[in-house]
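The exercises below ask you to work through a protein model with the sequence and the coordinates at hand. Try each task before reading the solution that follows.

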Amino acid sequence: MSAQLGKSASSEASVLTQASRQLFQRVPPIPAGIDLVGKTVLVTGSNVGLGLECARHFLALRPRQLIMATRSLEKGEAAAAQLRAQFPAASITVMHLDMASVQSVQAFAAQCRREVDGRIDVAVLNAGLATETFVRVDEGRGRETTLQVNYLSTALLSILLLPKMMPSASSPDPARLSIVTSDASLGAKLKDPGDGKSILDSIDRDDTSDGFQRYSESKLLVNMFAAKLAERVPNQDCVINFCNPGATKGTAFTRHIETRLMKVVFGLILGILGRTPVDASRIYVHATLVLGGESHGSYTDWLVRPWPIFMYSNRLGDKLWSETMEELRFANVDGVLDFTPLSLAFFPAIYL
């Protein structure tokens, strides 16, 4: 587990180590014998890039159903058409999910409860963004978009999906939930705002951070949240980890970068160091299907790696959890987490 790897966190976070891994280490193939027969899988942000290639990897393993969650139904259906042509026997469902909208996140989770037959066995929360400009969403507290999409909505969706992923008599194995993070989080730091002050409010200020800093912080928050969530969900019910696909070329990652110079810089870096989307998305398959209970609460690629350096101080994890749960209280997240597989047997209409 990542919690025991603190001694190597600094070396793992170094630019040299990350560049060396990108250039000289190949993502291993998926071992023979692994399949998804009879299982339902969900991938968010799956109409382009890593999400689309992840969906393709999963379809090759013959799931019962693939759910593609996309912000644009039109683009999602176009991507699904490509996949159906390649996998004509596959059952593919496209659902609308806009991570900038908490109402959309709630509606998506409710749709999954209503319409997905049985449980969701595997979920990869891949949707995210990086942007230079500081723009607030127009719902709730009006949080900055990167913070909302990459962290708050991701945390909300993680919680709301969990009851639909619990083991049952027909599906007794642990489900798998993997939240996509980034190596940008490895050296990221948060300032302690002090007693009575909010971590989220201290980050959510347009005079304190640039786009890359906001992105790095949002991914660090995801890691901290997922580690705390894993403390509350036994790995025999659901294995929760956060996986890093690393630098990847040929995706839409830079679509929100407006400065031409920054586009050129990122293009050069990704062109030199970046994996292909096919290779990088295979990391998602390792995180969900190859790694086992040892990855619960851990930072992974195809192996369990150390957490970001900041997490070993463990100064703000509990405070961030409390703030996050308070911010998401409108969705009854405390009540959603207060479940067991036994309770689902008595309240199937609510959760399934």
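**Exercise 1. Is Gly33 buried or exposed, and where in the chain is it found?**

Solution. The model is a predicted one, and the first step is to take the relative accessibility of Gly33, which is 72%. Exposed means over 50%, so Gly33 counts as exposed. The next step is to place the residue, and Gly33 is found in the loop between helix 2 (15–24) and strand 1 (40–44). As a last step, compare its position with that of Ala155, which is 122 residues apart from Gly33 along the chain, with 32 Å separating the two C-alpha atoms.

**Exercise 2. Describe helix 6 (residues 145–161) by its start, its kink and its burial.**

Solution. Begin at the start of helix 6, where a side-chain oxygen of Glu144 comes to within 3.0 Å of the backbone nitrogen of Thr146. Then follow the axis of the helix, which has a kink of about 30 degrees centred on Ser153. Finally, consider burial: 17 of the 17 residues of helix 6 are buried, so the helix is largely enclosed by the rest of the structure.

**Exercise 3. At what angle do helix 6 and helix 11 (residues 317–327) pack, and which residues make the contact?**

Solution. The axes of helix 6 and helix 11 are 11 Å apart, and the packing angle is about 80 degrees. Angles of 65 to 115 degrees count as roughly perpendicular, and therefore helix 6 is roughly perpendicular to helix 11. On the side of helix 6 the contact is made by Tyr151, Leu152, Ala155 and Ile159, and on the side of helix 11 by Leu320, Thr324, Met325 and Glu327. Sorted by class, the residues in the contact of helix 6 with helix 11 are six nonpolar, one polar and one charged.

**Exercise 4. Which residues does Ser218 contact, leaving aside its neighbours within four places in sequence?**

Solution. First locate Ser218, which is found in helix 8 (residues 211–232) and, at 2% relative accessibility, counts as buried. With its neighbours within four places in sequence left aside, Ser218 is in contact with Thr146, Asn150 and Tyr151. Ser185 can then be placed relative to Ser218, from which it is 33 residues apart in sequence and 8.0 Å apart in space, C-alpha to C-alpha.

**Exercise 5. Work out the surroundings of His286 and Arg282 in helix 10 (residues 277–290).**

Solution. Take His286 first: it lies in helix 10 and counts as buried at 3% relative accessibility. Not counting residues up to four places away in sequence, His286 touches Val27, Pro28, Pro29, Ile30, Leu291, Asp301 and Trp302. Then turn to Arg282, which also lies in helix 10 and is buried, with a relative accessible area of 13%. With the residues up to four places away in sequence again not counted, Arg282 touches Val27, Pro28, Pro29, Ile30 and His57.

**Exercise 6. Examine the phi values of Arg62 and Asn332.**

Solution. As background, most residues other than glycine have a negative phi. Arg62 has a positive phi, near 60 degrees, and is found in the loop between helix 3 (49–60) and strand 2 (65–70), where it counts as exposed at 54% relative accessibility. Asn332 has a positive phi of about 55 degrees although it is not a glycine. Asn332 lies in the loop between helix 11 and helix 12 (333–337), and at 48% relative accessibility it counts as partly exposed.

Methods. Residues numbered from 1 in each chain as written. Predicted model: local features only at pLDDT ≥ 70, side-chain atom pairs only at ≥ 80, totals over all residues. Heavy atoms only, no water. Bend = angle between axes of the 7 residues up to and from the residue. Helix = DSSP H or I, 4+ residues; strand = E, 2+ residues; numbered from the N terminus. Buried < 20%, exposed > 50% of the residue type's maximum accessible area, 1.4 Å probe, protein only. Polar contact = N/O pair within 3.5 Å; in protein donor to acceptor, adjacent residues only side chain to side chain. Axes fitted to C-alpha atoms, helices over the stretch in contact; angles between N-to-C directions. Parallel < 35°, antiparallel > 145°, perpendicular 65-115°, else oblique. Contact = heavy atoms within 4.5 Å. Nonpolar A, V, L, I, M, F, W, Y, C, P; charged D, E, K, R; others polar.
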